[in-house]
Amino acid sequence: MVHAQFDPTARRELAIAAVEAKTVKDLTWQRIADAAGLSVAYTTAAVLGQHPLPEASARAVVELLGLDEGAVRLLRTIPTRGSIDGGTPTDPTIYRFHEMLQVYGATLKALVHEQFGDGIISAINFTLDVKKVADPEGGERAVITFDGKYLPTKPF
């Protein structure tokens with residue numbers, strides 16, 4: 001049976017334990033995703049408390065991380081989503097995403113509506129990819145792809 005959570009506390013505590021186990025075992029998120037049989041972005045989000053995992057994936061992650069049987073149940077529940085508490089984020093990486101949306105949010109909205117009409121881009125029917133590429137001017141660049149289904153607004 002599918003269950004949903006109301007209080008995110010248990011998933012937060014599990015995320016803390018999972019990250020600790022990942023660190024102690026010197027694992028990568030990709031290794032955990034490989035065990036789960038899912039994408040690295042989805043698996044990472046699930047372990048951090050933002051998505052449920054299918055039973056086989058939850059069991060594989062729990063086994064790899066050496067967590068207890070209760071972690072399987074928690075990883076399978078539909079979480080209360082949202083990992084950023086109110087206010088401006090203080091973590092520099094998360095803050096930069098916040099800043100990008102502050103600067104480009106209205107632009108993205110204008111371009112999406114011009115090309116698609118009134119509606120939203122789904123974060124449920126969605127994929128995320130992060131790649132590191134060489135910068136022609138030296139150093140490295142991050143290429144982040146959000147790929148969400150467009151859902152038009154329906155008048156009623």
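## A short tour, starting at Asp135

Select Asp135 and show what sits around it: leaving out residues up to four places away in sequence, this residue touches Glu140 and Arg141. Keep in mind as you click around that this is a predicted model.

Now color by secondary structure. Asp135 sits in the loop that runs between strand S1 (119–134) and strand S2 (140–152). Is Asp135 buried or exposed? Its relative accessibility is 16%, and the cut-off for buried is under 20%, so Asp135 counts as buried. Next, add Glu137 to your selection and draw a distance from the Asp135 side chain to the backbone nitrogen of Glu137: you should get 2.9 Å.

**On to the rings**

How many aromatic pairs turn up in a search of the whole structure? There are two. For one of them, select Phe116 and Tyr150: the ring centres are 4.8 Å apart and the planes meet at 25°, so this pair is stacked (the cut-off is under 30 degrees). Zoom out a little to see what the pair links: Phe116 belongs to helix H6 (residues 92–116) and Tyr150 to strand S2, so you're looking at distant parts of the chain, 34 residues apart.

Turn on a surface and compare the two partners. Phe116 counts as partly exposed, at 49% relative accessibility. Tyr150, with a relative accessible area of 16%, is buried.

Hide those and bring up Phe126 and Phe146. These two also make an aromatic pair, but a tilted one, with 5.8 Å from centre to centre and 40° between the planes. Which elements hold them? Phe126 is in strand S1 and Phe146 is in strand S2, so the pair ties together parts 20 residues apart in sequence.

Check the surface here as well. Phe126 has 31% relative accessibility, which makes it partly exposed. Phe146 has a relative accessible area of 56%, and because exposed means over 50%, this ring residue goes down as exposed.

**Last stop: Ser57**

Jump to helix H4 (residues 55–65) and pick out Ser57. With the surface still on, you'll have to look inside: Ser57 is at 5% relative accessibility and counts as buried. What does Ser57 touch, if residues up to four places away in sequence are not counted? Select Ala36 and Leu38 and you have the answer.

Terms used: Residues are numbered from 1 along each chain as its sequence is written. This is a predicted model: local features need pLDDT of at least 70, side-chain atom pairs count only at pLDDT 80 or more; totals for chains, interfaces and linings use all residues. Side-chain values use heavy atoms; hydrogens and water are left out. Helices (H or I, at least four residues) and strands (E, at least two) are DSSP runs, numbered from the N terminus. Buried means under 20% relative accessible area, exposed over 50%, partly exposed in between (1.4 Å probe, protein chains only). A polar contact is a pair of N or O atoms within 3.5 Å; within protein, one must be able to donate a hydrogen and the other to accept it, and residues adjacent in sequence count only if both atoms are side-chain atoms. Contact means heavy atoms within 4.5 Å. Rings of Phe, Tyr and Trp (its six-membered ring) pair if their centres lie within 6.5 Å; planes under 30 degrees apart count as stacked, over 60 as edge-to-face and the rest as tilted.
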